[in-house]
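Grab a pencil and get the viewer ready. Here are some exercises to work through, each with a solution that goes step by step.

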Amino acid sequence: MATDYDAPRNKDDDQSNESLEALQAQRSGGAKTALIDVEDSDTAEGIDLPGADLSGEELVVQVVPAREDEFTCSSCFLVRHRSQVAREKSGELYCRDCEG
């Protein structure tokens with residue numbers, strides 16, 4: 001069946017003209033409130049927000065010195081195996097990824 005899209009549309013019987021207040025009252029009557037399971041031990045202190053001031057925090061990292069078969073690339077500053085050396089210039093070593 002062809003539809004004339006330029007013709008004025010009639011509202012279906014399903015969609016009755018109800019006011020906003022009537023719709024809200026209808027929804028609130030059967031609506032259930034979501035309950036969040038929160039324990040007393042849960043606090044906001046355990047949540048780190050982006051941009052939070054972490055200047056008082058201390059980071060403990062064990063630094064392992066480079067081994068004899070490793071080098072630090074002078075371009076990307078990653079520690080690589082000696083087999084990854086692409087070139088040496090003025091005592092500085094460059095890896096294959098940076099030279100490729």
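The exercises below start with the whole chain and then turn to single residues.

**Before you start**

You're looking at a predicted model, so keep the ground rules in mind: local features need pLDDT of at least 70, side-chain atom pairs count only at pLDDT 80 or more, and totals for chains, interfaces and linings use all residues. Residues are numbered from 1 along each chain as its sequence is written, and side-chain values use heavy atoms, with hydrogens and water left out.

**Exercise 1. Work out which helices and strands the chain has, and in what order they come.**

Step 1: Know what counts. Helices (H or I, at least four residues) and strands (E, at least two) are DSSP runs, numbered from the N terminus.

Step 2: Tally them up. You should get two helices and four strands.

Step 3: Walk along the sequence. The pattern reads α-β-β-β-β-α.

**Exercise 2. Describe how much of the chain is buried and how much surface it shows.**

Step 1: Set the cut-offs. Buried means under 20% relative accessible area, exposed means over 50%, and partly exposed is in between (1.4 Å probe, protein chains only).

Step 2: Apply them. Of the 100 residues in the chain, 6% are buried.

Step 3: Look at the surface. Accessible areas come from the Shrake-Rupley method with a 1.4 Å probe; for residues, only the protein chains shown count as cover. The chain exposes about 10,000 Å², and carbon and sulfur atoms supply 48% of that.

**Exercise 3. Find how β3 and β4 are joined.**

Step 1: Locate the strands. β3 covers residues 85-89 and β4 covers residues 92-95.

Step 2: Check the pairing. Two strands pair if DSSP finds at least two bridges between them. Here there are four bridges, and the sense is antiparallel. One of the partnerships joins K89 to E92 in β4.

Step 3: Look at the turn. β3 and β4 make a hairpin with two residues between them. S90 sits in that loop, and its phi is near 55 degrees, a positive value in a residue other than glycine. S90 is also exposed, because its relative accessibility is 72%.

**Exercise 4. Find another non-glycine residue with a positive phi, and say where it lies.**

Step 1: The residue is F77, with a phi of about 65 degrees.

Step 2: F77 is in the loop between β1 and β2.

Step 3: Its relative accessible area is 60%, so F77 is exposed.

**Exercise 5. Track down the salt bridges and say which parts of the chain they link.**

Step 1: Recall the idea. Side chains of opposite charge can pair when their charged atoms come close. A salt bridge is a side-chain nitrogen of Lys or Arg within 4 Å of a carboxyl oxygen of Asp or Glu.

Step 2: Count them. The structure holds two.

Step 3: Take R80 and D97, whose side chains meet at 3.0 Å, N to O. This pair links distant parts of the chain: R80 is in strand β2 (residues 79-81) and D97 is in helix α2 (residues 96-99), 17 residues apart. R80 counts as buried because its relative accessibility is 18%, whereas D97 counts as exposed because its value is 54%.

Step 4: Take R87 and E99, with their closest N and O atoms 2.9 Å apart. E99 lies in helix α2 and R87 in strand β3, so this pair ties together parts that are twelve residues apart in sequence. E99 is partly exposed at 35%, and R87 is partly exposed at 32%.

**Exercise 6. List what R80 touches beyond its neighbours in sequence.**

Step 1: Contact means heavy atoms within 4.5 Å.

Step 2: Leave aside the neighbours within four places in sequence. R80 is then in contact with D69, E70, F71, C95 and D97.

**Exercise 7. Find which residues make a nonpolar surface patch.**

Step 1: Learn the recipe. Patches are made of residues with over 30% relative accessible area and no salt bridge: like charges are joined within 9 Å, nonpolar side chains (Val, Leu, Ile, Met, Phe, Trp, Tyr) within 5 Å.

Step 2: The patch is made by L59, V61 and V63, and covers about 370 Å².

Step 3: Zoom in on V63. V63 is in the loop between α1 (20-30) and β1 (70-72), and it counts as exposed because its relative accessibility is 71%.
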